Structure formats: C-alpha cells, structure tokens
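Please read the following report alongside the sequence and the coordinates. It moves from the overall make-up of the chain to one strand, its surroundings and the ligand shell.

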Amino acid sequence: MDAAWNAGVNAGFEDAETDRASQASSVIELRGLTKKYGDFTAVDGLDLSIRQGEIFGLLGPNGAGKTTTILMMLGLTEPTAGSSTVCGLDSTRQPMQVKRRVGYMPDDIGFYEDRSGLDNLVYTARLNGVPEKEARERAQQLLEKVGLAEAARKKTGAYSRGMRQRLGLADVLIKRPDVIILDEPTLGIDPEGVRELLVLIREMSRNEGLTVLLSSHHLHQVQQICDRVGLFVKGRLIASGDLDTLSRELDGGPTHLVELDVAGWSSALEETLLSVEGVLSVSRSEADALAGREADALAGREADGHGAPNAAATVRVASSVDLTAQLAAAVVTSGAALRGLRRTRYGLDDIYHRYFEGGDSHGRTH
Ligand SMILES: Nc1ncnc2c1ncn2[C@@H]1O[C@H](COP(=O)(O)OP(=O)(O)OP(=O)(O)O)[C@@H](O)[C@H]1O
C-alpha cells in the first residue's frame, strides 16, 4: 500500500513546460491548496490545472477531501494555505465574481418543493440578474434539453431523484456559467437515470465548451465521461491523467487484460499462463470460481489443487504488454480448449482498487 502511495504520480504535470502550457488555457488552477481543521489536514497541498472544455473527474473515497476542495474553489471556505484560481479569479478574494462564472450542483440540491421546475429555474435566473423574459425562454429551453419539458409545470416536490438531478443540471446552467462543478451528481439515481444524466453532461460540455469538474466515488461513471481523472486519497492527489496515462505512469502496473474462456481448466494451466513472460496475474472470476467449485463437488472431486479436467473457466490475465497471441497459444498447447477470448482495457476500477484499497485484480469479475 505504502509503495503504491509513494509511487503516486501526477501524470498531468510531467514537466514544467507542460505545466506552463496547461496554465495558459486552464480555467481552474489550484496551487498548494491546503485545508486544515485543527490538527487534521483535509486537503494537503493540492496542485491541479483543468483546461477549458475539459471534463475532469475528481475521484476518491468518502472523506478524501473532494467537497472541501470544491468549497475552497467556490470561495465558500478559506484555504489554510495555497491558492485557487477559477476563470482567472481568486476564489478567496473574489468569491462573488467566481460565483457568477461557476455553476455548482451540490450532492443535496434543494428546490422550492411547492413550485414547479420551471418556476424554480426562473427564480434562479432572476437571482443571477437574467431579465424575466429571457429567464423564461432559457428555462424552457433547458427543461427541453434535460428531458423535463413535460414536467415543467409539475411541482418539484413530486419529482423523482433522477428528475431532480436533471433539474439541478438545468439550474446550474441557467446563468450560462463557464464552469460547472458537480458534487456526486448521480447519487441515488437508478442505472438508466445515471447513464442519461452522464450523456447529458457530456453533450452539454461538448456543445457549449463548458469546463466540468465532477466529483465522485463511482469509478465507472467517471470513466465513462471524463477526459481526465484525478485520484484523490486522504487529501492528496496521488495521480492524475487520462486513463492511458494513468495505466502507463503507475509504474509496473498492468495495462492489458485478456479474458479467456477455457474448457479443461486446471491449476497446471494456471501455472503455465503465469509463466508466460510479462504476465502479472491470473485470476478466475468470482462467479466462475464458485460455479467451478460447485461443479467439482457434484463430480465428487476434492479440492486437490488440480481442478476438474473438463472444468470450464473464465480467467483474466493481466500483463504490462499485449500477450493475446501467446496466451491463446499457451492454452491450446496445454491441451485445453479455448472457447472464447476477449481483450479488455485495464480499467479505472482496477487502478482505483490497487491504489485505494491496496489490492490487485485477483478474483474480480469486471
Ligand atoms: N467543518 C469541518 N470540520 C472538521 N472536519 C471536517 C469539516 N469538513 C470536513 N471535514 C473532514 O475533512 C475530511 C474531508 O471531507 P470532505 O467532505 O471534503 O470529503 P469528501 O471527499 O467530499 O467525502 P464525501 O464523498 O463523503 O463527501 C473528512 O474527514 C471530514 O470529516
């Protein structure tokens, strides 16, 4: 675990030149940003640049310091040290100006429950100085965009969680911000609702050049829409970059995964696969391993380490180079049958698991 933590890289800032180039177009610039509560350091010397139009995922477990970071960026809490600049404005000294340029959607977004979605949006627009007529027009357009046109006149108290989140997105967009900050935007929404909301966020960012900072502890969601991800643990950014960069930079870590459906799986074959040069780990999927044990038990076999001669298994082989051909050859030469083969990308969840939980991909099913 410690080694992994110490190996923490900041792939977004490999050298000073890249750093300067990113600063030139960066919309969010955090330098040595630190927040202490008494002796406790919630955010510890955070350096981060986010470029215009980028969707950046701040990914970390509960209590990592994501919300505290966001509050400092918005000027809602003062840093103990360091600086936060958003759209060229100092978050601490110019919080009102920052607020005008940034749309913030907290995880517990609140609306006037006895007013309609439309009225809530118009109210927010008016608060932000948008004239009444324009506010109504823009509210209607946004409701259309987020798929709430039909519920526009319904009281928000009767909205589902997913509808509230979509209204929340419209609410942060109504003042035409340059940046939107979404804190756990998909909390409590069903999978289909999550997918729709993420697609919407991405579309809006792409169409309107919006810079998006999305805080989440949901790996798959971040992976789906973010251009770059920062892994945030115990107040520190231990790595940042796109997925390929992260995979490459987290030194020695696996970057390739091959999934093999094998008939005739045995521990001898497992050894053979492990001995292929470049293989870092071989694991059976959990569901598959259970099914295998059941099959062995039904066949009256003891778990003697040799497995069942005809056992079907799906195994995941991780490596730092592409070994697809070698692995297929190893299975076939061993006398087992290769029923299927899939190359999968080494995912953010694998990286997350390795860094945040100190594990490896052993026995994982996705
Ligand atoms: N006002 C405060 N006083 C003392 N400690 C605080 C305060 N606010 C936050 N913390 C602590 O700082 C740490 C970071 O909290 P923060 O809410 O920023 O984390 P987070 O990554 O957003 O987590 P979550 O996903 O659970 O919201 C936590 O340990 C939290 O208990």
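The text below describes the chain as a whole and then selected elements.

This is a predicted model, in which local features need pLDDT of at least 70 and side-chain atom pairs count only at pLDDT 80 or more, whereas totals for chains, interfaces and linings use all residues. Residues are numbered from 1 along each chain as its sequence is written.

The protein chain has 14 helices and 14 strands, where helices (H or I, at least four residues) and strands (E, at least two) are DSSP runs numbered from the N terminus. Of its 366 residues, 41% count as buried; a residue is buried if 20 or more other C-beta atoms lie within 10 Å of its own, exposed if 12 or fewer, and partly exposed in between, with C-beta atoms placed from the backbone. Among contacts with a separation of 6 or more, 73% are made by residues 24 or more positions apart, two residues being in contact if their C-beta atoms, placed from the backbone, lie within 7 Å.

Strand 8 (residues 211–216) is mostly covered, with six of its six residues buried. In a regular strand the side chains alternate between the two faces of the sheet. Here both faces are covered, since Thr 211, Leu 213 and Ser 215 on one side are buried, as are Val 212, Leu 214 and Ser 216 on the other. Strands pair if DSSP finds at least two bridges between them, and the table lists three such pairings.

| Strands | Sense | Bridges | One bridge pair |
|---|---|---|---|
| Strand 3 (residues 55–59) and strand 8 | parallel | five | Leu 59 and Ser 216 |
| Strand 7 (residues 179–183) and strand 8 | parallel | five | Ile 181 and Leu 213 |
| Strand 4 (residues 81–86) and strand 5 | antiparallel | two | Thr 85 and Asp 90 |

Strand 7, helix 8 (residues 191–208) and strand 8 make a right-handed β-α-β unit, right-handed meaning that, with the strands pointing away from the viewer, the path from the first strand over the helix to the second runs clockwise.

Val 212 of strand 8 also belongs to the largest nonpolar core, which has 65 residues and in which Ile 28, Leu 121, Ala 139, Ala 170, Ile 181 and Val 212 touch the most other members; such a core is a set of buried Ala, Val, Leu, Ile, Met, Phe, Trp, Tyr and Cys residues joined through C-beta atoms within 7 Å. Leaving aside residues up to four places away in sequence, Val 212 touches Ile 55, Phe 56, Ile 180, Leu 182, Ile 201 and Ser 205.

In helix 5 (residues 117–127) the buried residues are Gly 117, Leu 118, Asn 120, Leu 121, Val 122, Thr 124 and Ala 125, and what covers them includes helix 6 and helix 7 (161–173). Gln 140, found in helix 6 (residues 132–145), counts as partly exposed because it has 15 C-beta neighbours inside 10 Å.

A separate open sheet is formed by four strands in the order 2-1-4-5, with antiparallel pairing. Strand 2 (40–51) and strand 5 (89–90) stand at its edges, each with a single partner strand, so one side of each is left without a neighbour in the sheet.

The ligand is surrounded by a shell of residues including Tyr 37, Asn 62, Lys 66, Thr 67 and His 217, where near means a C-beta atom, placed from the backbone, within 6 Å. Helix 3 (residues 66–73) gives the largest share of this shell, three residues. The shell divides into three nonpolar, seven polar and one charged, counting Ala, Val, Leu, Ile, Met, Phe, Trp, Tyr, Cys and Pro as nonpolar, Asp, Glu, Lys and Arg as charged, and the others, Gly among them, as polar.
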